[in-house]
Each structure stands twice: as structure tokens, then as C-alpha cells.
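Me: Please take a close look at one part of this structure with me, a sheet and the helix that packs on it. I would like one connected explanation that I can follow step by step.

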Amino acid sequence: GLGYLHLTGFHPTAAREVTAEIEDLERRGELRGLVFDLRFNGGGSLDQCLAIANLFLREGVIATQLHRNAPNEVYRADPAQCRWPDLPLVLLVNEGSASASEVLSGALQDHGRATVVGRRTHGKGYVNTVYSWADRGFKLKLTTGSYRTPNGRNIERNQSTVGTPADREHGGILPDVDVPIEPAAMAAVRAALRAIEPPAEYLAGYSEVAERFGFAVERGPEPGDDEQLRAAIEALAGD
């Protein structure tokens, strides 16, 4: 009864596809919890991020965008858009989870809506605005703001080595369950996440042919090979 979903990026149809996949998991049987894998998800559309967060949040602030020379923008959940307010949820994150992944993780973590498992996220919380002119052959990108989680945490991480350790502690999303993973194992997990799984309607036939000719069937990460996924499932089962 535990489902698994990996989102590679917050592309323009992400919220619709996440909804469709969770509905498909529900059709397969009772869905008692979901592992939502955001590892190596570098971000994308803020609108899609907010829409996905709203699937699990009935009310409250999702994120705040602080601007340099303009009023702050506060993004709030819409009760009408919430589909799964009580579905037990674990988010998997790592150093490659950035930007919109951190906005989503921070929102669900601050509201106590999800347990975050993995490693501290990248820490990309700046808002960049690109300016262009019809009569100029260049564009100008300026940092014009930054994101805060519902509890006011600054997502942007101090990546430099200057300052005191306390100066470098802010930023990124700290997991509730910290799970380190060896580089070789992480490389294997990343390869599995990148693999293109055969469509479900063809998987049985594909597997039969693969066995006959002795080549491997691509598959997603498995708990036995993925310490972070194993910890996520344990956390979800514990809920």
C-alpha cells in the first residue's frame, strides 16, 4: 500500500502528471502512503511547484517571495485545490534538490505535512529576473528577490567558505532523517533514476524478451540498493 513517485523537474505539466500518477496508484489498491522522490530535481516552474504543494496542503502559506524594491508576494494554499490533505507523505531529497524542490520541501516540512529524508538540499533560493531590450543584443539577469519557507527560513545557502560555521549553517532544507550514501551507490541510484522504464502495458512482454536474450530490464531504484529510499520507506511505514 505504499506508493513511490519520482519527479525529475517542475516542467509545465508537472502538477497534472503528479495528480494522474497518484490517482493511478490509488486505482491499483489502497494507497496508505507515498514516497515522493525529489533527488536531483533542480527546480523549474514556481507555478507548478505551488500547485503540487497545494495538492497536499489544505490551507496556510506555501512560500513567500521577498523582493528588493517591490512588495513581498505571499503564496497561500487554496482549499479547493487540495486533493490529499491526509495522505502520509515522505519526501526524498539530496544535494541535487534545488530551487522549486526546496520550496516544496520547505512548505510541507514547515506545516508538518511530510517527513523529509536524505541529505541537506542545494540551497538555491534567489529569484532571478531577466531583462531584454529590442535594440540591444544582450540580456541582463539580476537577482531581485529570495524565497522563504512558511516559517521564514531562508532557502538560499551560503556556499562560500568564509565566515563562521554559524554563517554557513542557514540555507537549504535540512532533512528530518539524515541519510548519507556512498558516492558509488549514489551514482548507481542516479543512473536508475535516469533510466527510462518501459510502459506498464509493455513491461511483461519486454521482460520476457529481455530474459530470453540475457539483457537487463531498466528499473527504478530499489530499497536494497538505495539506502535513502529504504530509510524513506521505514519513515513512511512508521507514520
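**A sheet and its helix**

Reply: In this predicted model, four strands form an open sheet in the order β4-β3-β8-β7, and their pairing is antiparallel. The edge strands, each of which pairs on one side only, are β4, covering residues 73-76, and β7, covering residues 126-132. From one strand to the next, the twist averages 25°. As general background, the strands of a sheet pair through backbone hydrogen bonds, either parallel or antiparallel.

To see one pairing in detail, take strand β3, residues 61-67, which runs antiparallel to β4 and is joined to β4 by four bridges. Within this pair of strands, Gln65 stands opposite Glu73 in β4. Helix α2, made of residues 46-56, packs on the sheet, where α2 touches β3, β4 and β8 (139-148), and the direction of α2 makes about 155° with that of β3.

How enclosed is α2 by the rest of the structure? Nine of the eleven residues of α2 are buried, so the helix is largely enclosed by the rest of the structure; here a residue counts as buried when its relative accessible area is under 20%. The buried residues of α2 include Leu46, Leu50, Ile52, Leu55 and Phe56, and among them are also Gln48, Cys49, Ala53 and Asn54. Finally, at the start of α2, a side-chain oxygen of Ser45 reaches to within 3.3 Å of the backbone nitrogen of Asp47.

Key
Residues numbered from 1 in each chain as written. Predicted model: local features only at pLDDT ≥ 70, side-chain atom pairs only at ≥ 80, totals over all residues. Heavy atoms only, no water. Pairing = 2+ DSSP bridges. Helix = DSSP H or I, 4+ residues; strand = E, 2+ residues; numbered from the N terminus. Axes fitted to C-alpha atoms, helices over the stretch in contact; angles between N-to-C directions. Contact = heavy atoms within 4.5 Å. Buried < 20%, exposed > 50% of the residue type's maximum accessible area, 1.4 Å probe, protein only. Polar contact = N/O pair within 3.5 Å; in protein donor to acceptor, adjacent residues only side chain to side chain.
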